[in-house]
Amino acid sequence: MTRAELKKVLVVEKILDGQMTNAEGAEVLGMSVRQVIRLKKKYVTEGGAQALAHRNRGRKPKHALLEETKQQVVNLYNTKYYGSNNCHFAELLEERESLQLSTSSIRRILLEKSIKQVKQRRRRKAHQPRQRKPQAGMLWQIDATPYAWLEDRAPVFTLHAAIDDATGTVVGAVFRPTECREGYTLVMMQGIRKYGVPLGLYSDRHTIFRSPNEKLTVEQELAGETKPLSNFGKAMAELRIEHIKAITPQAKGRVERLWRTFQDRLVIELRLLGVKTIEEANAALPELLEKHNRKFAVQPKDAESAYIPLDPAMNLNHVFTIREYRKLGPGNTLSYKGTVYTLAKPANLRLGTKELVEVRETLDGEVLLWYQGEALVLKATEKPKRMATPTKKASSAHPRKPAASHPWRKAWNPKQFQNSTNSTTIQAT
C-alpha cells in the first residue's frame, strides 16, 4: 500500500475506535465527511485495510500495449527506421505501417530495450530570437550545406535551399555536387516561379553572392555600374530584390536550423525511398518538400502576401546568367571563351565596330548578346583565316674561304704596322 492509503487506514481505525470524529478525520485527510463515511463502510464490510487499497493494483490496464506490438516497434526501428527520432518514428509508423502510437509510448518502448537517441534535444538559447517577418515574401534566407544525404550509398554532396522567414516554408531546394552558383540559381528560380519575387534575400558572404573585386573595371565604369556585383548579385539587382549579406551564421538562424531538421529527417526519407544517386534524390525532393511544409510551415501574422508577381515578359533564364563585356569586331563578331560568335539571325541594329556590349551565358550554355534589354541569340562561327602568300626560300650560302694571299693569312709584323703608321702621319703633315 502507498503512504496515502496507509494514512487513510490509520485515520479510519481511529474513528472506529472513537479517538477521532468524522469531521476531524475528513480534515486530516483533506476529504469531505461523506467520503470519510464511505471509507468507514468499505473498511467494515469488505475486510479491513486491504479494502482501501486501489483495486487496479496488480492488474494490467485494458489500454496497455501488447508485448507483440512492442516487439514489432523495436524490430522496425532496428531494421528499417534506425536513426529516426521518436516524433519522426511515430509519424512513419502511422504513415507506412498503419500503427498509431504516441511519441511518449515510442520513447518508453525504446528505453525499455535500452535504445536511446544519439542526437540530443536542442537546448534553449539564452538570447532572444529575432521575430519573424509579418508577411510571406518579405524575406528569404538561402544557404547550402554538404552532408552524407544518402549515407554510404553515394558520396557527400550539397543541398541548396531557401526558406521564407515569415512562414518557414521551404520555397526551393536542389542537390548539387558542391556549393555553386548554379545550385543557388535553381533554388531561386523554383521559388520565384512558384510563389513570386520576394522583397529581400538573406545570405552569407560567399563570393557567389558578392564580388571579390572591390574596384570596378574599365568596362564596368563605361557601362555605368557604380557598385561591384557578382553575377548572382546582378540578377538580384535586376529583379529588385534587396540582398543582405550576413556576417555570422546566427544572423540567418532560420535556414541554419532547417539543416538540422533535414539532416535528421531527410536522410531517413531518402533511405526509405531507396534513393542511391544524386539524380534520384533531386527527383524525390519536390514531394519531400511538400511533406515538410505541411508539417512545419506556419501561418504569417499578416495574411496579405508581400510577393511581387513575376513579369511575364521577364525570362529568368536570361536573368540568372554569367555576364561579361566584350568589344564587337568586324561583322558583328565577338570573342568569348576562345570562340568567335556572331548573330544567329540578322537584326536591324546599328552596332559599330569596337562597341562595348554585354554577353550573357545561361545555365544551359547558351550565349546571348544583351542589347537594350533584348536578348539576341549568338552562334559560334569560325575565325576567318588569312591567305598564306608563297614565300621564296633562300638557298644556303656557299662556304667562303679567304685566298692564300689574303692579309688574314699573313703573320703579324709589328714593325710593318709601325712603318705604315709613320708613313700615314707624314702624308698627313
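**View 1. Helix α11 and its kink.** In this predicted model, helix α11 bends by about 40 degrees at L285, shortly before the proline P286. How far apart are the end C-alpha atoms of this helix? The answer is 25 Å. The 19 residues of α11 (residues 278–296) should span 27 Å at 1.5 Å a residue, so the two values agree.

**View 2. The buried side of α11.** Look along the helix and you can pick out its buried residues: I278, A281, A284, L285, L288, L289, H292 and N293. Notice that L285, where the kink lies, is also on that list. An α-helix has 3.6 residues a turn, so residues three or four places apart point the same way. And what sits over the buried residues of α11? The cover includes two strands, β2 (157–164) and β3 (170–176), plus another helix, α10 (253–272).

**View 3. A five-stranded open sheet.** Follow the strands across and you'll read the order β3-β2-β1-β4-β5, with mixed pairing. Out at the edges stand β3 and β5 (242–245); each has a single partner strand, so one side of each is left without a neighbour in the sheet. From one strand to the next, the twist averages 20 degrees.

**View 4. Strand β1 between its two partners.** Here's where the mixed pairing shows up. Strand β1 (residues 140–147) runs parallel to β4 (residues 200–203), and two bridges join them. With β2, strand β1 runs antiparallel, and eight bridges hold that pairing. Q141 makes a handy landmark: its bridge partner in β4 is Y202, while in β2 it stands opposite I163. Is β1 mostly covered or mostly open? Mostly covered: six of its eight residues are buried.

**View 5. Helices packed on the sheet.** Helix α7 (residues 181–194) lies across β1, β2, β3 and β4, and runs at about 150 degrees to β3. Helix α10 packs on the sheet too, touching β1, β2 and β3, and its direction makes about 45 degrees with that of β1. You've met α10 already, as part of what covers the buried residues of α11.

**View 6. A stacked tyrosine pair.** The structure holds twelve aromatic pairs. In the one formed by Y195 and Y307, the ring centres are 6.0 Å apart and the planes are at 25 degrees, so the pair is stacked. It links distant parts of the chain: Y195 sits in the loop between α7 and β4, and Y307 in the loop between α11 and α12 (316–319), 112 residues apart. Which of these tyrosines counts as buried? That's Y307, at 16% relative accessibility. Y195 is partly exposed, with a relative accessible area of 30%.

**View 7. An aromatic cluster.** Ring pairs tie Y147, W149, F157 and F175 together into a cluster. To find your bearings, note that Y147 falls in β1 (residues 140–147), F157 in β2 (157–164) and F175 in β3 (170–176).

**View 8. Stepping back to the whole chain.** The full chain has 13 helices and eleven strands. Of its 429 residues, 38% count as buried. Among contacts between residues at least 6 apart in sequence, 64% join residues at least 24 apart.

Notes:
Residues numbered from 1 in each chain as written. Predicted model: local features only at pLDDT ≥ 70, side-chain atom pairs only at ≥ 80, totals over all residues. Heavy atoms only, no water. Helix = DSSP H or I, 4+ residues; strand = E, 2+ residues; numbered from the N terminus. Expected span 1.5 Å × (residues − 1). Bend = angle between axes of the 7 residues up to and from the residue. Buried < 20%, exposed > 50% of the residue type's maximum accessible area, 1.4 Å probe, protein only. Contact = heavy atoms within 4.5 Å. Pairing = 2+ DSSP bridges. Axes fitted to C-alpha atoms, helices over the stretch in contact; angles between N-to-C directions. Phe/Tyr/Trp six-rings, centres within 6.5 Å; stacked < 30°, edge-to-face > 60°.
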